[in-house]
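Visitor: I'd like to learn how to read a model like this one, feature by feature. Could you walk me through it?

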Amino acid sequence: MTAVLDRPAPPATRPLAAVLAAVGIPTFMVTLDNLVVTTALPVIRTELGASLADLQWFVNAYTLPFAAFLLTAAALGDRLGRRRVFIAGIVVFTLASAAAALATEPWMLTAARAVQGLAGAAVAPLSLTLLAQAVPEKLRNAAVGIWGGINGLGVAVGPVVGGAVVEGLHWSWIFWLNVPVGVLAVVLATTVLRESRGGAPRLDPLGLLLSAAGMLSLVWGVVDGPEHGWTSARVLGMLGAGGALLALFVAWQRRNPTPMLPLSLFRSRGFGLVSVVTLTFSAGTFGAVFLLAQFFQVVQGLSPLASGVRTLPWTMAPMVVAPLAGIFADRLGLRNLIVAGQALLAAGVLWIAVATTTTVSYGDLVVAFVLAGVGMGLTFAPISTMALASVRPQENGVASGANNTIRELGIAVGVAVLASVFSEYGGYTSPQSFVDGVVPAVIVGAAVIAVGAVVATLLPARPAPRD
């Protein structure tokens, strides 16, 4: 791969708080929309007449284009200007949110969510790159930790915001809320952030086409498996086509002198292993959250707001723990934090699965929620820091894009796989049927996270770029 050198960053003259607000508010908005629909799904399902496959696509339509275009957005930022592309992403995301709010059919909401995901792909990786460039190196771990806490805040308040809005207003206001936030984010990014470029190589349209088509076909096959049968020609064809397209993508990246995903990144032990942990963490965690966020409504008949509030011990913990993990990362070690986080998260999710019945009391779940939340908080910032520390500074942009791509792919596949397990064993016909499906699905999620915990033990104690 031809090295792409970043231009030297200008002196950081903006206050750290202003920079964090400029990159954090859009990041919060994008992260919030990963989970904001989860507590609203039962209401949306009834009002729009959506099927289980539609519910999955309300989530996956966001995560798939997000994952597919992260690397392209990072490359566009390097070439056209990171701040410029970042602001463009915020504007399109805000407009797509308005379109989602106006949806009256499942396909309309799915389409708007897809545009949201496409625009969010320009926000997530560039927010971290702009932050890393704007703060001095001695403050970088702490700043990334706070950035991880903002991600955690989006995760935390997503189900609660969704539940509160659905109960107090209408589910469409979940998306209308993004409009004023998006306007504020554009003003902050324009006035606070400095423009920068990375001297990006040419774009890789063939790589983009192969990766996007491959992921779409693969996940679509998983989503359609329960409905059409795993041995049907339709499902086998999509799964086979997805695997073949992704294999072609890897082969093309090996030959292309300016790849969208430089495979040389994975020669770094730290980056390669943390990518595996990112994938398992995202798949197991968000696949489980997709189902558990509906549990209190479908099984115990609670309101969307009450359901969201009951998830707070899980979802609020990352907001508190992630900044602390960033601050103490040098002292405690990134590997130790990631291993501990994944172990606690796997234990918490497994506990939830084992304890879940139609009559389970909230007190029997709350400690497991806290364990899972602390585990997520110990993971967010150290994973991002490990990914950046394992590559050369000039590779930070593409490394951030690659790590975010893997995370979003994990979310999409995790939701699809766990929803498929759920539908194999249960459904929405009764509370007991929902529990029959959710227990084995969440156990699978816990097992996937546990694999990540084992892989994390192999991470280097002190990550360093390869020569």
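Visitor: Let's start with a single residue: is Ser127 buried or exposed?

Guide: Look at the relative accessible area and compare it with the cut-off: under 20% means buried. Ser127 has 0% relative accessibility, so Ser127 counts as buried. Ser127 sits in helix α5, which covers residues 106–134. Keep in mind that this is a predicted model.

Visitor: Which residues does Ser127 touch, leaving aside its neighbours within four places in sequence?

Guide: Ser127 is in contact with Val23, Thr27, Phe86 and Trp147.

Visitor: And Asn178, is that one buried or exposed?

Guide: Buried, because its relative accessible area is 3%. Asn178 belongs to helix α8, residues 178–192. Beyond four places in sequence, Asn178 touches Met29, Asp33, Phe93, Thr94, Ser97 and Gln116.

Visitor: Okay, zooming out. What does the secondary structure of the protein chain come to?

Guide: You'll find 19 helices and zero strands. The protein chain has 467 residues, and 58% of them count as buried. For the fold's wiring, take contacts between residues at least 6 apart in sequence: 84% of them join residues at least 24 apart.

Visitor: How should I think about the nonpolar residues inside?

Guide: In soluble globular proteins, nonpolar side chains tend to be buried together. Here the largest nonpolar core has 86 residues, and Leu109, Trp171 and Trp314 have the most contacts inside it. Helix α11, residues 269–298, gives the largest share of this core, with 14 residues. There's also a second, separate core of 34 residues, including Ala22, Ile87, Val135 and Leu188.

Visitor: Which residues does Trp171 touch?

Guide: Not counting residues up to four places away in sequence, Trp171 touches Val43, Ile44, Glu47, Leu48, Ala100, Ala103, Leu109 and Val166. Notice Leu109 in that list, which is also one of the core residues with the most contacts.

Visitor: You mentioned helix α11. Where does Val276 fit in?

Guide: Val276 is found in helix α11. Val276 counts as partly exposed, because its relative accessibility is 35%. Try a distance too: the C-alpha atoms of Val276 and Gly410 are separated by 9.7 Å, though these residues are 134 apart along the chain.

Visitor: What about the outside: how much area does the protein chain expose?

Guide: About 17100 Å², with carbon and sulfur atoms supplying 69% of it. For a local view, look for nonpolar side chains that cluster on the surface. Val320, Leu324, Ile327, Phe328 and Leu332 form such a patch, with about 440 Å² of accessible area together.

Visitor: Which helix gives the largest share of the nonpolar patch?

Guide: That's helix α14, residues 317–327, with three residues. Ile327 lies in this helix, and Ile327 is partly exposed because its relative accessible area is 49%.

Visitor: Last one: where should I be careful with the coordinates?

Guide: Where pLDDT is low, the predicted coordinates should not be read in detail. The protein chain averages a pLDDT of 81, and 88% of the residues score at least 70. Among its elements, helix α19 (residues 431–456) has the highest mean, 94, while helix α6 (residues 140–168) has the lowest, 68. Over residues 1–12, pLDDT stays under 50; the model has 21 contacts beyond four places in sequence for that stretch.

Key: Residues numbered from 1 in each chain as written. Predicted model: local features only at pLDDT ≥ 70, side-chain atom pairs only at ≥ 80, totals over all residues. Heavy atoms only, no water. Patch = residues over 30% accessible without salt bridge, like charges linked within 9 Å, V, L, I, M, F, W, Y side chains within 5 Å. Areas by Shrake-Rupley, 256 points an atom, 1.4 Å probe, with all protein chains shown as cover. Salt bridge = Lys/Arg side-chain N within 4 Å of Asp/Glu carboxyl O. Helix = DSSP H or I, 4+ residues; strand = E, 2+ residues; numbered from the N terminus. Buried < 20%, exposed > 50% of the residue type's maximum accessible area, 1.4 Å probe, protein only. Core = buried A, V, L, I, M, F, W, Y, C linked by side-chain atoms within 4.5 Å. Contact = heavy atoms within 4.5 Å. pLDDT = per-residue confidence, 0-100.
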